[in-house]
Amino acid sequence: MRKLSVIAAAIATGTLAALAVTPAQAAETGSALKVRGVQYDAPGADSNSCTTGNTAAEYLTIKNYSTTATVNLKGYVVRDATGNSFTFTNNHYLQPGDFVKLRGGKGTESDASNVAYRGSCNFIWNNDRDTIYLKTPSGATADSHSYTKSGSDADGNGYITFHG
């Protein structure tokens, strides 16, 4: 009987109507987006040069593991253990099952090509060990992973898969 009283009060104050139009996407966002993997050690000798360097070969793949919700990455933050960070400032929509590769260097962000660029020619991921944080626009942790080259990269190719 108490539940009916609470529902009746919510209807009377308009609270229930507000709850009914709130998208379920917000509740799913934190668990739907995951760091699929990271190319933490770009192939070749590391070079921060914007014209001849290989920072674009260092990338992080973020995937929407939801089967129903589209997620806009605008406002999401990717950062490492020391506080180097990148904030998605543009709308970038990930459909269910879709992914984006966040690359180092400069380039044109594209939903169609599933790519975003950090706009910096400096490397962000350490080659020996680091921690990756994916934060929601509200600051909550959507996903995080720590790695070490010796303990996490069995084949030594500089790429680690966290979620298949």
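A salt bridge, for the views below, is a side-chain nitrogen of Lys or Arg within 4 Å of a carboxyl oxygen of Asp or Glu. Keep in mind that this is a predicted model.

**View 1. Lys135, a buried lysine with no salt bridge.** Here we look at Lys135, which belongs to strand β9. The nearest side chain of opposite charge is that of Asp143, and it sits 11 Å away. What the side chain of Lys135 does have is a polar contact of 2.7 Å with the side chain of Thr141. Leaving out residues up to four places away in sequence, Lys135 touches Tyr76, Val77, Arg79, Ala140, Thr141 and Ala142.

**View 2. Thr131 and its partners, also in strand β9.** Strand β9 covers residues 129-135, and Thr131 is part of it. With a relative accessible area of 14%, Thr131 is buried. Its side chain and that of Ser146 are joined by a polar contact of 2.8 Å. Once neighbours within four places in sequence are set aside, the residues in contact with Thr131 are Arg79, Asp80, Ala81, Trp125, His145 and Ser146. You can also pick out Tyr147 here: its C-alpha atom is 6.3 Å from that of Thr131, although the two residues are 16 apart along the chain.

**View 3. Tyr59 and Tyr159, one of the 3 aromatic pairs in the whole structure.** The two rings are 6.1 Å apart, centre to centre, with 40 degrees between their planes, which makes this a tilted pair. It brings together distant parts of the chain, since Tyr59 is in strand β2 (residues 59-64) and Tyr159 is in strand β11 (residues 159-161), 100 residues apart. Tyr59 is buried, at 13% relative accessible area.

**View 4. Phe86 and Phe88, an edge-to-face pair.** These ring centres are 5.0 Å apart, and the pair counts as edge-to-face because its planes meet at 85 degrees. Both rings belong to buried residues: Phe86 has a relative accessible area of 11%, and Phe88 has one of 2%.

**View 5. Two arginines lying over tyrosine rings.** Arg79 lies over the face of Tyr133, 4.3 Å from the ring centre. Arg103 does likewise with Tyr59, at 4.7 Å from the ring centre.

**View 6. Asn114 and its positive phi.** What is the phi of Asn114 near? The value is near 55 degrees, and this in a residue other than glycine. Most residues other than glycine have a negative phi. Asn114 sits in the loop between β7 (99-103) and β8 (115-117), and it counts as buried because its relative accessibility is 13%.

Note on methods:
Residues are numbered from 1 along each chain as its sequence is written. This is a predicted model: local features need pLDDT of at least 70, side-chain atom pairs count only at pLDDT 80 or more; totals for chains, interfaces and linings use all residues. Side-chain values use heavy atoms; hydrogens and water are left out. Helices (H or I, at least four residues) and strands (E, at least two) are DSSP runs, numbered from the N terminus. Buried means under 20% relative accessible area, exposed over 50%, partly exposed in between (1.4 Å probe, protein chains only). Contact means heavy atoms within 4.5 Å. A polar contact is a pair of N or O atoms within 3.5 Å; within protein, one must be able to donate a hydrogen and the other to accept it, and residues adjacent in sequence count only if both atoms are side-chain atoms. Lys and Arg count as positive and Asp and Glu as negative; His and the chain ends are not counted. Rings of Phe, Tyr and Trp (its six-membered ring) pair if their centres lie within 6.5 Å; planes under 30 degrees apart count as stacked, over 60 as edge-to-face and the rest as tilted. A charge sits over a ring if NZ of Lys or CZ of Arg is within 6 Å of the ring centre and within 35 degrees of the ring normal.
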